[in-house]
Amino acid sequence: MSDLISQDIIQDAENIDRASIPLILPLLPIRDIVLFTNMLLPIFVGHDKTIMAVEQSVQKFNLFLFIVTQKNPEQENPDKDDLFQIGTVAKILRFVKLPDGRVKIFIQGIVQGKWINIFKRNRCNMVKIELLPEEIDTEKTLEIQALMRNVCDHSAEILTLHGDYSDDAASILDNIQSPGKLANLVAANLQVKIEDAQHLLEISEPTQRLKEVNRLLTKEVELSAVQAKIQNDVQDEISKNQRDFYLREHLRAINKELGEEDEFTLEIEEYEKKIKKKKLPKEALKEVNKQLKRLDQMQFDAAEASIVRTYLDCILELPWEKLSKDMLDIPHAKTVLESGHYGLEKVKDRILEYLSVRKLNPKMKGPILCFVGPPGVGKTSLGKAIARAMKRKFVRISLGGIRDEAEIRGHRRTYIGAMPGRVIHGIRQCNTMNPVFMMDEIDKLGTDFRGDPSSALLEVLDPEQNASFSDHYLSIPFDLSNVMFIMTANVNDEIPSALLDRMEQIELPGYTEDEKQMIAQKHLIPRQQKENGLSRRKITLTDGALLLMITEYTYEAGVRNLEREIGAVFRKIARKIAENQRGHFKVTRKNLHTYLGPPKYLPEFEQEENEIGISTGLAWTQAGGEPLYVEAAAVYGKGDIQLTGQLGDIMQESAKAAVTYARANYKKFKTKRAFFEHNDLHIHVPSGAVPKDGPSAGVAIAVSVISLLTQRPVKKDVAMTGEISLRGRVLPIGGLKEKAIGALRAGIKTIIIPKKNQKDLVEIPVQAKRKLKFVLVSHMDEVIDVALQDIKDVKKIETKKMK
């Protein structure tokens with residue numbers, strides 16, 4: 001509204017006769033603004049075409065121009081489709097040429113018009129226009145008067161909120177008697193979108209235009225009120241902070257004069273005392289002093305001050321020089337390990353070897369061990385036993401499902417909520433530089449767009465690098481060389497090779513039935529009695545009941561489920577005691593079902609006799625070894641092979657190789673060639689819902705097919721493992737230890753293994769060797785002699801059945 005200052009000039013422009021306005025005028029497009037009648041507008045003109053239009057207006061058209069707004073303000077050379085149809089005839093009030101070649105004009109809107117045609121003349125755009133009808137003010141009814149007053153009040157309110165209200169502006173608003181002029185004046189000064197302003201310009205009826213202006217004003221008043229409130233809140237907060245800082249500085253000066261110290265000064269001094277007391281390395285000391293100096297220069301309640309305090313607390317709580325004194329008494333360590341775990345001789349020997357070397361060389365770096373084995377075999381509890389044997393602190397973190405590299409290395413302090421990684425957090429928690437640090441489930445690490453945690457672990461687990469481990473949060477080196485790291489995994493196939501190379505792998509296979517019985521009697525039963533409040537009660541769990549529990553109520557490599565079943569039995573007894581039942585409680589094979597219900601695990605095939613076409617293979621799983629049954633059947637067909645049971649690609653290839661071997665040696669098996677031409681072979685591996693794959697089922701598949709061809713039954717107590725070549729050679733396999741224990745659990749008596757796996761028999765537990773017979777073979781001919789029942793015995797059995 002400050003544009004309305006040259007009243008004399010404006011009055012002259014308003015009195016212009018409409019008939020004196022030419023109907024062909026130079027065209028001047030403008031951007032980001034709409035020109036209303038009686039509106040004053042300064043414009044800088046810079047394009048050659050528009051400068052020529054202004055000069056033509058001055059020279060030939062009595063200072064008249066046609067002003068129209070562009071639809072797209074970014075268009076440099078708009079054509080007629082880029083311009084609104086309705087515009088305003090304007091008169092140039094001032095014309096000034098600038099030194100840079102541009103022209104500054106000061107124009108006033110005279111009357112609204114509509115262009116009909118646009119053409120070029122004299123190097124500028126000309127336009128043929130049609131003047132819109134002159135606005136005629138209607139009688140000022142009470143509704144119009146109320147509307148005008150409402151518009152004036154809203155305008156004054158907006159000016160007040162923006163701090164632009166003045167008596168002159170109020171006088172101008174009050175002196176306007178025409179609804180159309182009031183609408184144009186307010187619309188010219190409203191901050192609205194171009195589309196809304198153009199819509200106002202195109203409304204010809206003054207009262208309707210004033211109503212639309214009133215609607216936009218009401219919306220603008222609400223926005224301005226909210227904006228003013230936000231601005232006032234910000235200003236109040238700034239003023240409050242300045243006031244608090246001013247008062248705090250005065251208070252500090254007053255306390256200094258009185259010989260007293262404020263809370264912030266005491267905090268700084270407390271940090272200084274902690275830093276002097278703590279023996280920090282040079283890099284850490286330098287960084288801590290730097291951060292303390294920054295804290296001293298901040299306001300007490302500044303947002304960044306809390307971040308610096310958290311960082312200082314983290315640094316000062318880390319055990320930079322604190323080490324636990326190792327217990328290097330080898331006999332004592334052996335006693336501790338024996339008391340907590342049964343078996344696992346290889347693991348115990350490795351720990352005792354480390355302690356022995358540590359005793360002779362105190363400066364040796366901590367080993368990095370990786371316990372690999374199925375769930376429930378005691379990997380985590382073994383780590384705790386190692387810590388007890390060495391009298392070190394024990395820290396455990398689980399890596400399963402971690403996908404963010406920052407979980408290992410920490411977050412940079414630039415992020416909100418930054419914290420150190422799990423490694424530094426564990427060291428801080430145990431408050432010693434040489435704990436036994438266990439990382440569980442290292443084979444279940446993930447990776448995504450946030451980084452690769454397994455790569456971050458390379459620095460942690462490398463003895464040559466972890467002496468200066470760099471955590472992103474600390475930003476200073478930290479020594480991890482004294483930490484004894486122990487990893488656990490179910491399988492090592494999922495661990496990256498670079499990470500696996502830094503660890504010493506120790507395999508923990510599943511337990512035999514005898515070992516499970518010993519573990520249950522020594523550890524599980526006493527622990528469950530204590531947990532269920534039955535320590536002093538007369539309870540007997542017989543060996544027969546325990547063995548039945550192992551064989552028919554659990555099916556696992558470890559003892560985790562066995563402990564659950566023992567706990568379930570004791571809970572039933574605890575309930576009976578709580579119900580005032582007295583006497584001696586004895587759990588036997590006969591009454592075990594009353595506590596645990598019917599057996600949960602029965603053999604997949606209860607073969608009472610040897611059968612044709614059914615062989616027993618051995619599979620390796622994450623839960624240990626288990627039997628894998630293979631069925632073969634011949635049906636009338638065209639010689640096709642059908643494989644079912646969700647077999648993987650490797651097992652399908654093994655099956656095809658086994659069938660090819662059988663077909664190539666049909667004469668040896670006294671089978672007619674026509675058998676393969678008129679029959680389809682169907683090979684099935686139960687259970688069908690479980691996916692299966694691996695390179696060790698070839699021998700079992702070949703035996704089932706050859707049994708079908710020769711009509712010789714496969715011995716039910718013989719299991720076999722090994723891959724087969726097309727020439728009938730038996731190739732070596734892996735996981736023999738787990739497979740042997742799985743076979744023992746399934747009641748197998750004889751295992752056929754490749755001859756090249758003879759070296760692996762050393763790893764098999766003594767109890768398994770006593771109960772199992774291992775037959776070493778190098779060719780399928782040897783397998784057939786052991787696995788298939790002799791044809792003479794078959795005939796004898798058939799004769800007995802007929803009698």
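**Figure 1. The whole chain, with 28 helices and 24 strands.** This is a predicted model, and the protein chain runs to 803 residues, of which 48% count as buried. Look at contacts between residues at least 6 apart in sequence, and 74% of them turn out to join residues at least 24 apart. The close-ups that follow pick out a few spots.

**Figure 2. Helix H11 (residues 330-340) packed against helix H13 (residues 379-390).** The two axes sit 9 Å apart, at an angle of about 150 degrees. With angles over 145 degrees counting as roughly antiparallel, that makes H11 roughly antiparallel to H13. As for handedness, H11 and H13 make a right-handed crossing. On the H11 side, the contact uses His332, Ala333, Val336 and Leu337; H13 brings Ala385, Ile386, Arg388 and Ala389. Sorted by class, this H11–H13 contact comes out as six nonpolar residues, one polar and one charged.

**Figure 3. Helix H18 (residues 513-531) crossing helix H20 (residues 560-578).** Here the axes come within 10 Å and cross at roughly 45 degrees, and H18 and H20 are therefore oblique to each other. The crossing of H18 past H20 is right-handed. H18 puts Lys516, Ala520, Leu524, Ile525, Arg527, Gln528 and Gln529 into the contact, and H20 answers with Leu562, Glu563, Ile566, Gly567 and Phe570. The mix between H18 and H20 is six nonpolar, three polar and three charged residues.

**Figure 4. Helix H5 (residues 179-189), largely enclosed.** Eight of the 11 residues in H5 are buried, so the rest of the structure largely encloses this helix. Which residues of H5 are buried? They are Pro179, Gly180, Leu182, Ala183, Asn184, Leu185, Val186 and Ala187.

**Figure 5. Valine 705 in helix H24 (residues 698-710).** With a relative accessible area of 0%, valine 705 is buried. Setting aside residues up to four places away in sequence, valine 705 touches Ala632, Val659, Ala662, Leu681 and Ile683. One of these partners, leucine 681, is 24 residues from valine 705 in sequence, with the two C-alpha atoms 8.3 Å apart in space.

**Figure 6. Leucine 744 in helix H25 (residues 736-745).** Leucine 744 has a relative accessible area of 11%, which means it counts as buried. What does leucine 744 touch, not counting residues up to four places away in sequence? The list is Thr512, Glu513, Ala768, Lys771 and Leu772. Lysine 771 is 27 residues from leucine 744 along the chain, yet their C-alpha atoms are separated by 7.6 Å.

**Figure 7. Threonine 50 in helix H2 (residues 48-60).** Threonine 50 is buried, at 14% relative accessibility. Once its neighbours within four places in sequence are left aside, threonine 50 is in contact with Leu28, Pro29 and Val45.

**Figure 8. Leucine 63, a residue other than glycine with a positive phi.** Just for context, most residues other than glycine have a negative phi. Leucine 63 has its phi near 75 degrees. You'll find leucine 63 in the loop between H2 and strand S3 (64-69). Is leucine 63 buried or partly exposed? At a relative accessible area of 26%, leucine 63 is partly exposed.

**Figure 9. Serine 475, with a positive phi although it is not a glycine.** The phi of serine 475 is about 65 degrees. Its spot is the loop between strand S10 (469-470) and strand S11 (477-478). Serine 475 is partly exposed, with 47% as its relative accessible area.

**Figure 10. Cysteine 314 and cysteine 370, two buried residues.** Cysteine 314 has a relative accessibility of 1% and counts as buried. Cysteine 370 is buried as well, with a relative accessible area of 0%. How many disulfides are there, if the sulfur atoms of a pair have to lie within 2.5 Å? The count comes to zero.

Definitions and conventions: Residues are numbered from 1 along each chain as its sequence is written. This is a predicted model: local features need pLDDT of at least 70, side-chain atom pairs count only at pLDDT 80 or more; totals for chains, interfaces and linings use all residues. Side-chain values use heavy atoms; hydrogens and water are left out. Axes are lines fitted to C-alpha atoms, for helices over the stretch in contact, and angles run from 0 to 180 degrees between N-to-C directions. Helices (H or I, at least four residues) and strands (E, at least two) are DSSP runs, numbered from the N terminus. Angles under 35 degrees count as roughly parallel, over 145 as roughly antiparallel, 65 to 115 as roughly perpendicular and the rest as oblique. A crossing is left-handed if the near helix is turned anticlockwise from the far one by less than a right angle, and right-handed if clockwise. Contact means heavy atoms within 4.5 Å. Ala, Val, Leu, Ile, Met, Phe, Trp, Tyr, Cys and Pro count as nonpolar, Asp, Glu, Lys and Arg as charged, and the others, Gly among them, as polar. A disulfide is a pair of cysteine sulfur atoms within 2.5 Å. Buried means under 20% relative accessible area, exposed over 50%, partly exposed in between (1.4 Å probe, protein chains only).
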